[in-house]
Structure formats: structure tokens, C-alpha cells
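Here's a quick tour of some side-chain contacts, rings to begin with and charges after that. Have the viewer open as you read.

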Amino acid sequence: MRTTVVIATRDRADDLARTLTHLRALRPAPPVIVVDNGSADDTASRVRDGFPGVRLIRLPENVGMAARNLGVEAADTPYIAFNDDDSWWAQGALPQGEVLFDAYPRLGLLAATTLVGPQERRDPVCALMADSPLGTAPDLPGPRVLGFLACSAVVRRSAFLDAGGFHPLLYFGAEERLLAYDLAARGWELCYVDRVRAHHHPSANRPSASWRRRIERRNNALITWMRRPLGDCLRASGGLLRDPLAAAGALRRLPSALSSRRPLPRDVERRIRELA
């Protein structure tokens, strides 16, 4: 295959083993790279002993979702499919993706349909992407989007590297939004393609919803300071006042965010406002 599956994981050995079992059952079976984000459990030994064909990259500490970047850099295929350690691709999804990337040279990222749990419910984000007001260009395979779910996305490796990958400052939460902006800023298109499918069975070992909301609030403010006009930055900062913990986290990271500030091109900013 010409698609490598990259998974970043930490302390979820059971979930990862289930995911790798499903990926190993795919035909053809894709190459898989697991980046172990400093796990304290038996993740590494479970991968080595149970899945000898999987390439394992062990990190001494948790670097967040930027760990995916190391997997992409280590891959030698033109396309990269991301899974989380509790998600996997449906049979036939990755070959479909390869056909689409071959046929549409402007396509940088393909956002797939995410089927959640044993009931295979569509993630609500899929409906938003399917109804994207950005429309479908004649030379693209689906609606244009400026966001995606990292557990079920395929990227052109060269586009991912061109955009700089997942920004390490965010660590975790909303990292897809910044990458989407950066891909678009470099001229790459992102599309939702309904017929390409992935499964997501959310792990029981996950942060609380309130923690995730706080981190996403913090990171969305940082993304605004890194890429959006100053008026939007001021409004984002004002919104943080309702969440002192998120505000404190953003303030600590603000100097690094400002050092990475790179305002988006006008056409990308226009698309963001169409989606608002």
C-alpha cells in the first residue's frame, strides 16, 4: 500500500491492541507506525510482542499530538492516514483514499466519515462537514472544509510537511483547526468524503469533558492569536475571561504563540468567515 497509518498513544495499551488488531485484518494491510508518548503501562511490550510488523517509536516524554509529526516523518509512503488508539479504518477506505489523492492533485487532506461505537452512529461533525457552505469545486472529490477529526483523516505527506504538521504549542485539543488553516494557507485543499469511512470506539480512559472544553477554549484563543486578525484576537481574549484556568494557560503560552504569529491569506480568512 501507499498509505501508512500513524497512531500516537499514551497509556492505553488495551485500546491500542484492539485498534491494531482491526488494522492488521485489513486487506491489503497498511504499514503502521505507533508513536508511544512516554507511556508508563505495557504499551511498548504489547506492540513488540503482539504486532511484530508494526513500527514502534518510543518517546521518553509526552509531547502531545505533535507526536504524530514524528510518525509522518518516519513514514516512506506518499499518503498518511491518522488513527487514534481507539479508532481504525474500514475495509477499503485506504485504497479509496489513494485513488482520490491520485486523481485530485490539489487535495491535501481527506476528512472521512467517522462511525462511532458499535451502533456506528455518524459523528455530528460529519453532518457539519457534509453541509459545508464552502461548496464543492469541480476538481475536488467532496465539500471543502476547514476542519477535520484527526482520528479519521488522511493527508498527502508532502502537504502535511509543507504546512509544518501539528503545532507543538497546542499539545492537545483543537490541533486540527490550526493544521487546517496552515494547509489552506499553503494552497492545499481539504475535503470531506462521505464514502471513506473510519470507526471510532471512544476509550473509557479519557480526560473529562470539562477538561477537554477548557483546553480547547485555551487553544482556540491561541490559534486566533497565531493566525487571525487583531480584532478577532481581542474578542478571543475577552471570551477567556469567563474561564480563569483557560485564560491562565493561554497567558503562559502567549509569548510562544506571538512568536509563531503568521496571519492567514485573505482568501483563507474569507473562508473562515463564511463558516462562522
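## The aromatic cluster

A quick heads-up: this is a predicted model. Let's begin with Phe 82, which is buried at 0% relative accessible area. Phe 166 is buried too, with a relative accessible area of 1%. The structure has 5 aromatic pairs. In one of them, the ring centres of Phe 82 and Phe 166 are 5.6 Å apart with the planes at 70°; that angle is over 60 degrees, so the pair is edge-to-face. In sequence terms this contact links distant parts of the chain, 84 residues apart. Phe 82 belongs to strand E4 (residues 79-83), while Phe 166 sits in the loop between helix H6 (157-163) and helix H7 (175-185).

Phe 166 has another ring partner, Phe 160: their centres are 5.7 Å apart and their planes make 65°, so this pair is edge-to-face as well. Phe 160 is buried, just as Phe 166 is. Put Phe 82, Phe 160 and Phe 166 together and you get one aromatic cluster. There's also a charge in the picture: the charged end of Arg 68 sits over the ring of Phe 166, 4.8 Å from the ring centre.

## Salt bridges across the sequence

Now for the charges: searching the whole structure turns up 28 salt bridges. One of them joins Arg 122 and Asp 194, whose closest N and O atoms are 2.6 Å apart. Arg 122 is in strand E7 (residues 121-122) and Asp 194 in strand E9 (residues 189-200), so to speak a link between distant parts of the chain, 72 residues apart. Arg 122 is partly exposed at 40% relative accessibility, and Asp 194 is partly exposed at 31%.

Is the bridge between Asp 182 and Arg 227 made of buried or exposed residues? Both Asp 182 and Arg 227 are buried. Their closest N and O atoms are 2.7 Å apart. Asp 182 lies in helix H7 and Arg 227 in helix H8 (residues 209-227), so this bridge ties together parts 45 residues apart in sequence.

## A local bridge and its network

Arg 271 and Asp 267 make a salt bridge with the closest N and O atoms 3.0 Å apart. The two residues are 4 apart in helix H11 (residues 266-275), which means about one helical turn separates them. Arg 271 counts as buried, at 6% relative accessibility, whereas Asp 267 is partly exposed at 35%.

This bridge has company: Arg 271 and Asp 267 are linked with Arg 106, Asp 139, Arg 144 and Glu 189 in a network of salt bridges.

Key:
Residues numbered from 1 in each chain as written. Predicted model: local features only at pLDDT ≥ 70, side-chain atom pairs only at ≥ 80, totals over all residues. Heavy atoms only, no water. Phe/Tyr/Trp six-rings, centres within 6.5 Å; stacked < 30°, edge-to-face > 60°. Buried < 20%, exposed > 50% of the residue type's maximum accessible area, 1.4 Å probe, protein only. Lys NZ or Arg CZ within 6 Å of the ring centre and 35° of its normal. Salt bridge = Lys/Arg side-chain N within 4 Å of Asp/Glu carboxyl O.
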